[in-house]
Amino acid sequence: MKTSISRELIYSIARHSNWRGQSIAAWFRKEHIYADTSAWIRFMQLFLLVLGGGFLVAGIVFFFAYNWQEMHKFLKIGLVEVLLIAVAMLAVFTNWSKLVKNLLLIADVMLVGVLFAVYGQIYQTGANAYDFFLGWTIWVILWVLAARFQPLWVVFMALINTTFILYVEQVATGLAFPIELDILFGINATAVVVWEVLYSKGKISRFGKWFPRLATLAALVPVTMSMIIFMFDNYSSVDKGLCYALAAVAYTAGIWYGYRSRDLFYLSVIPFSLIVVGAAGIVRTQKDNPEMVFLFASLFVVASITLLVRFIIQTNRNWHATATEL
C-alpha cells in the first residue's frame with residue numbers, strides 16, 4: 001500500500017533535518033507534488049471563482065449606489081439579506097469542496113458589511129462610525145472561528161484594527177498616539193501567538209504561512225513607530241518607554257521561536273525592525289550635525305543589512321547544508 005506524503009510533512013522534516021534542497025525537489029517530482037497541467041487548470045478555476053465572487057460583491061455595491069434614490073428602503077435591505085442567505089446556504093448545504101465553501105463564506109462576510117452599510121445609510125446611523133465596524137466584526141466571529149481559513153482571518157483582523165483605530169479617532173480622542181500604537185501591537189501580536197499555539201496543538205495546518213507573517217508585520221510596524229517616537233520626544237513620551245518593554249519581550253520570544261521552529265522569517269523581520277530603530281537613533285543623536293547624519297545612518301543601514309543577510313544565509317546553510325538521504 002502506497003503512503004502519501006504531503007508537501008507540509010516534507011517541509012517539516014526538512015526544517016528539522018539536513019535533507020538537501022535537491023533531494024526534496026526530486027521527491028516532489030517523484031510524488032507529483034509539483035504542479036502539473038491539471039493542477040494549473042484547477043488553480044485557474046479557483047482564481048476565476050474568487051475573481052467572479054469579488055466582482056459579484058462589487059457589482060452589488062455599485063448597483064445600490066447607482067439606483068439608491070429609486071429603491072424603497074425595504075427593497076434595499078431585502079435584496080442584501082436574500083443574497084446573504086443564499087450564499088450562506090450554498091456554503092452549508094452543497095457538496096462543493098471545502099475551499100469553495102470557504103470562499104463563499106468570505107463573500108458572505110463582505111455582504112454582512114454591505115448590509116450594515118445599507119442599514120446605516122437608510123437610518124443615518126453613521127456608516128463611517130466605529131460601531132459600524134464593531135457590529136460587523138461581532139456578527140462574523142462565529143464564521144471566522146468555524147472556518148479556520150486564513151484569508152478570512154486576515155479580513156477579521158483588518159476589521160478589528162479598523163474598529164480600534166476609528167474608536168480612538170471618534171470616541172477615545174484623549175488617547176495618546178504612542179499608546180494607540182502599543183495597543184495595535186498587542187492586538188496583532190496576540191493574533192500571531194494564538195495562531196502559533198493552535199498550530200502547535202494540531203488545530204490548524206501550517207501550510208501557507210502568510211497569515212501569521214502578515215500579522216507579525218502588522219505588529220512590528222506600530223511598535224517600531226512607537227519606539228522611534230519615544231526617541232524624538234526626548235524620551236518623555238506618554239507611554240514612558242512601554243514600547244521598549246513590549247518590544248524586548250516580543251522580540252526575544254520571536255527570536256527564540258524562530259530558532260526553535262527553524263523559521264527564518266522571524267529571524268529576518270525582527271532584526272530589520274531593530275535596524276530601523278537604530279538608524280532613527282543615529283539621526284536623533286546626530287541631529288545637530290545634519291551634514292554627517294545621513295552618511296552615518298546610511299552606513300549603519302548598509303552594514304547592518306549586509307550582516308543580517310549573511311547571518312540568514314549562514315543559518316540556512318547550517319540547518320540544511322549537509323547531504324543525507326531519507
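How many salt bridges does the structure hold? I will answer that in a moment, after a few words on the chain as a whole.

This is a predicted model. The protein chain has 13 helices and zero strands. Reading from the N terminus, then, one meets α elements from start to end. The chain has 326 residues, and 37% of them count as buried. As for contacts in the chain with a separation of 6 or more, 66% of them come from residues 24 or more positions apart.

Back to the opening question. The structure holds one salt bridge. Its partners are Asp263 and Arg213, whose side chains meet at 3.5 Å, N to O. This pair links distant parts of the chain, with the two positions 50 residues apart: Asp263 sits in the loop between α11 (242-261) and α12 (264-285), and Arg213 sits in helix α10 (residues 210-232). The two partners can be described by their accessibility. Asp263 has a relative accessibility of 4%, so it counts as buried. Arg213 has 29%, so it counts as partly exposed.

Please stay with that loop for a moment. Arg262 is also found in the loop between α11 and α12. Arg262 is not a glycine, yet it has a positive phi of about 55 degrees. Is Arg262 buried or partly exposed? With a relative accessible area of 24%, Arg262 is partly exposed, because buried requires a value under 20%.

Next, the helices on either side of that salt bridge. In general, two packed helices are described by the angle between their axes and the distance between the axes. Helices α10 and α12 pack with their axes 10 Å apart, at an angle of about 15 degrees. That makes the two helices, α10 and α12, roughly parallel, because angles under 35 degrees are counted that way. Their contact involves many residues: from α10 they include Arg213, Leu217, Leu220, Thr224 and Met227, and from α12 they include Phe265, Val269, Ile270, Ser273 and Val276. Arg213 therefore appears twice in this talk, once in the salt bridge and once in this helix contact. The crossing of α10 and α12 is right-handed.

Ser273 deserves a closer look. Ser273 lies in helix α12. Its relative accessibility is 4%, so Ser273 counts as buried. What does the side chain of Ser273 make a polar contact with? The partner is the side chain of Tyr251, at 2.6 Å. Setting aside neighbours within four places in sequence, Ser273 is in contact with Tyr251, Thr224 and Met227. Thr224 and Met227 are among the α10 residues in the helix contact just described.

A second helix pair is α9 and α11. The axes of α9 (residues 177-200) and α11 come within 12 Å, and they cross at roughly 20 degrees. Helices α9 and α11 are therefore roughly parallel to each other. Which hand does the crossing of α9 and α11 have, left or right? The crossing is left-handed. On the α9 side, Asp182, Phe185, Glu196 and Tyr199 take part, and they meet Leu242, Cys243, Leu246, Ala250 and Tyr257 in α11.

Now to the end of the numbering of helices. Ser304 is found in helix α13, which covers residues 290-320. Ser304 is buried, with a relative accessible area of 14%. Its side chain reaches the backbone oxygen of Phe300, at 2.7 Å. Ser304 can also be placed relative to Phe272: the two are 32 residues apart in sequence, and their C-alpha atoms are 8.6 Å apart in space.

Last, one residue from earlier in the chain. Leu84 lies in helix α4, residues 73-93. Its relative accessible area is 13%, so Leu84 is buried. Which residues are in contact with Leu84, leaving aside its neighbours within four places in sequence? They are Asp108, Leu111, Val112, Leu115 and Trp143. Leu84 and Val109 are 25 residues apart in sequence, with a C-alpha to C-alpha distance of 8.6 Å.

To sum up: the predicted chain has 13 helices and zero strands. One salt bridge is present, and it joins Asp263 to Arg213. Helices α10 and α12 are roughly parallel, and so are α9 and α11. The first of those pairs crosses in a right-handed way, the second in a left-handed way.

Conventions:
Residues are numbered from 1 along each chain as its sequence is written. This is a predicted model: local features need pLDDT of at least 70, side-chain atom pairs count only at pLDDT 80 or more; totals for chains, interfaces and linings use all residues. Side-chain values use heavy atoms; hydrogens and water are left out. Helices (H or I, at least four residues) and strands (E, at least two) are DSSP runs, numbered from the N terminus. Buried means under 20% relative accessible area, exposed over 50%, partly exposed in between (1.4 Å probe, protein chains only). A polar contact is a pair of N or O atoms within 3.5 Å; within protein, one must be able to donate a hydrogen and the other to accept it, and residues adjacent in sequence count only if both atoms are side-chain atoms. A salt bridge is a side-chain nitrogen of Lys or Arg within 4 Å of a carboxyl oxygen of Asp or Glu. Contact means heavy atoms within 4.5 Å. Axes are lines fitted to C-alpha atoms, for helices over the stretch in contact, and angles run from 0 to 180 degrees between N-to-C directions. Angles under 35 degrees count as roughly parallel, over 145 as roughly antiparallel, 65 to 115 as roughly perpendicular and the rest as oblique. A crossing is left-handed if the near helix is turned anticlockwise from the far one by less than a right angle, and right-handed if clockwise.
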